[in-house]
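Dear colleague,

Please find the structure below, handed over for your examination. My notes on what was found in it follow.

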Amino acid sequence: FSSRNHILKKMTTMSVEATNEHDNQQSAGEVDPLPTSRSKTPVTVLCSDSPPLVPFVTFHPPQWKLLDKLLQDYQAECHLTLEKLSQSLEMATLLDQQQQQQQQREVNRKTPRKFSLVAQIEERIQRLSSLYEEQERVLQQLLLRPFANIMALPSNDTPQGSESRQELRNPTRIPPQDNTGSVVRSRTGMAHINATYLMLDNEHDDDDDDDNNDNPKDHGASLNSNNKNAPASYDSALQILAHLVRDWSEFGAPVRRNLYDWCRQALRDHCPQYDQHDHHHLAILVPGAGMGRLAFDLATMDGHHVQALEVSVGMAAAASSLFHHSSSSSSLAIPFSLYPYAHDGFQNQVRAADRYVSVKVPDVANLTLKLQESFVERGGSLSYTVAAFEDLFRVPSSYGGGGGGVFDVIVTCFFLDTATNLWQYLDIIDHVLCLKQHDSYSTNCRGPGLWINVGPLQWHSNALLPTMTADELRQVLEDRDYEILHWSVDEEPMEYRNPTSGTGGRSSTAYNGYCPLRFVVQKKT
């Protein structure tokens with residue numbers, strides 16, 4: 001929360017160098033030592049002269065060792081790919097020798113062969129080795145690093161007296177005076193208690209066996225308790241790179257226009273009299289925020305108070321690097337290059353040149369400056385909470401006796417079908433989404449109480465309840481007293497990845513797409 005209206009200009013220092021925090025955690029037996037290459041890297045110190053532009057809030061002590069594991073897994077993945085290519089090269093060499101012998105016998109052959117499998121594999125090994133090394137350097141030196149964070153717990157206190165929702169909509173940031181109960185309230189209205197030295201009841205030291213615990217029923221813990229809620233295929237360096245390309249490069253622009261821009265337009269369509277210049281800012285929750293582009297657009301381009309929520313510590317670390325990067329903190333500069341086809345497994349590719357196509361990340365010039373300018377100009381704000389969606393049960397359901405939840409709008413994009421227990425997701429949304437009839441701060445806006453969704457119904461493989469069809473889901477929402485404002489399923493499938501490449505034309509012979517379900521519903525009671 002930077003120097004914006006209703007925000008104190010001075011803040012108490014709430015973060016220290018990563019080495020000090022890591023030493024404290026290590027002495028408590030919570031984490032393993034970080035590699036020497038990162039153990040002396042400081043996290044940006046938040047001081048009175050430098051409040052966090054995008055605060056990163058954690059409900060549990062971050063387990064920085066997860067970042068090291070992501071990097072190690074990426075190194076192993078790259079090594080395995082190059083090892084397979086080396087084995088292919090040995091086979092190709094033997095085949096090439098056989099072909100040369102055959103060619104010598106074909107005395108009448110007039111045209112030499114144009115394709116050399118050996119030369120092609122050798123070039124692939126050489127170029128991919130260089131690309132992998134470059135991306136590993138980006139991950140290690142820039143993205144997968146401990147980040148400045150505010151240790152907090154959701155508050156159970158409900159403001160009493162004459163506080164209105166308007167006052168809570170633009171609260172004063174109260175710096176903590178001690179470690180036993182100071183309130184830090186975000187612009188969205190979610191209150192946190194500074195808990196730097198407090199532990200949750202279910203928090204305990206983790207052993208190595210817990211790192212591999214992927215029990216689908218254990219959804220009470222946050223990501224920082226060994227990230228049990230994030231599926232292994234999602235919480236990986238390859239997924240981080242893929243999400244960066246989709247959210248923060250021109251390569252992902254077509255997908256963002258189809259998904260993110262639709263969500264923003266749906267919000268405008270159902271708030272026809274919304275005017276950011278009249279300071280009718282909405283408090284919006286974006287769960288499953290990933291790299292934070294949708295939340296970023298809602299905050300900077302539309303001027304809302306947005307809280308991104310993400311379970312993956314790796315995704316959060318990469319997002320924090322983008323929002324808070326300083327040229328002095330790394331030998332790497334922003335923007336940097338990524339290679340979207342480098343890990344495709346050499347399947348369904350149309351052109352060999354596509355393997356080495358690069359994109360620049362991020363595609364927003366001077367990202368930090370844009371955040372600052374947009375917050376001043378439009379009055380919005382952005383915060384990023386690193387926690388599981390289930391942790392929102394700890395958030396107070398209402399303030400000032402209003403009877404509604406904390407957020408005016410919830411936007412879910414490719415998130416709903418991640419639920420292991422859909423009923424729990426719906427209960428959480430009921431818990432934190434405000435009611436339409438308690439819209440006392442912005443009577444001209446129809447939007448509060450909105451849930452905007454876009455995405456497929458490819459339900460989680462570990463779902464505990466029978467999966468539902470789109471029409472069954474609609475009936476459930478109507479039974480929960482939601483008014484259906486928009487409901488549709490795309491007739492034409494959309495690809496979740498840009499189907500064209502930098503070299504032009506279609507990039508793949510495969511098709512990976514969805515006909516997403518799009519709906520806008522409004523909570524009535």
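**Salt bridges and burial**

With a relative accessibility of 8%, Arg256 counts as buried. Its partner in a salt bridge is Asp363, at 2.9 Å from N to O, and Asp363 counts as partly exposed at 23% relative accessibility. Please bear in mind throughout that this is a predicted model. Arg256 belongs to helix 8 (residues 253–269), while Asp363 sits in the loop between strand 8 (359–361) and helix 11 (367–378), so the pair ties together parts that are 107 residues apart in sequence. Through shared partners, salt bridges join Arg256, Arg293, Asp297 and Asp363 into one network.

Two members of that network, Arg293 and Asp297, are among the buried residues of helix 9. Helix 9 (residues 293–300) is largely enclosed by the rest of the structure, because eight of its eight residues are buried. Besides the two charged residues, the buried set of helix 9 includes Leu294, Phe296 and Leu298.

The search of the whole structure finds 17 salt bridges. One of them joins Arg246 to Asp247, with the closest N and O atoms 3.1 Å apart; Arg246 and Asp247 are both buried. Another joins Lys69 to Asp73, with 3.0 Å between the closest N and O atoms. Lys69 and Asp73 are four residues apart in helix 3 (residues 65–105), and therefore separated by about one helical turn. Lys69 is partly exposed, with a relative accessible area of 37%, and Asp73 is partly exposed as well, at 40%.

**Nonpolar cores and a surface patch**

In soluble globular proteins, nonpolar side chains tend to be buried together. Here the largest nonpolar core has 86 residues, and Trp248, Phe323 and Leu382 have the most contacts inside it. Another core, of 36 residues, lies apart from it and includes Leu392, Trp451, Ala470 and Tyr482.

On the surface, Leu95, Phe115 and Leu117 make a nonpolar patch of about 280 Å². Leu117 is found in helix 4 (residues 117–143) and is partly exposed, with a relative accessible area of 33%.

**Strand 11 and its neighbours**

Strand 11 (residues 450–455) is mostly covered, with six of its six residues buried. In a regular strand the side chains alternate between the two faces of the sheet. In strand 11, Leu450, Ile452 and Val454 point one way, and Trp451, Asn453 and Gly455 point the other way.

Strand 11 runs parallel to strand 10 (residues 409–413), to which five bridges join it; Val409 stands opposite Leu450 there. Strand 11 runs antiparallel to strand 15 (residues 517–523), with six bridges between them. The bridge partner of Trp451 in strand 15 is Val521.

**Cysteines and a distant pair**

How many disulfides are there by the rule applied? The count comes to zero. For Cys263, the nearest cysteine sulfur is that of Cys413, 5.1 Å away; a disulfide would need the sulfur atoms within 2.5 Å. Cys263 is buried, with a relative accessible area of 1%, and Cys434 is buried too, at 3%.

Finally, Pro55 lies in the loop between helix 2 (36–39) and strand 1 (56–58) and counts as buried at 1% relative accessibility. Pro55 and Ser381 are 326 residues apart in sequence, yet their C-alpha atoms are 9.8 Å apart in space.

With kind regards

How values were computed: Residues are numbered from 1 along each chain as its sequence is written. This is a predicted model: local features need pLDDT of at least 70, side-chain atom pairs count only at pLDDT 80 or more; totals for chains, interfaces and linings use all residues. Side-chain values use heavy atoms; hydrogens and water are left out. A nonpolar core is a set of buried Ala, Val, Leu, Ile, Met, Phe, Trp, Tyr and Cys residues joined through side-chain atoms within 4.5 Å. Buried means under 20% relative accessible area, exposed over 50%, partly exposed in between (1.4 Å probe, protein chains only). Two strands pair if DSSP finds at least two bridges between them. Patches are made of residues with over 30% relative accessible area and no salt bridge: like charges are joined within 9 Å, nonpolar side chains (Val, Leu, Ile, Met, Phe, Trp, Tyr) within 5 Å. Accessible areas come from the Shrake-Rupley method with a 1.4 Å probe; for residues, only the protein chains shown count as cover. A salt bridge is a side-chain nitrogen of Lys or Arg within 4 Å of a carboxyl oxygen of Asp or Glu.
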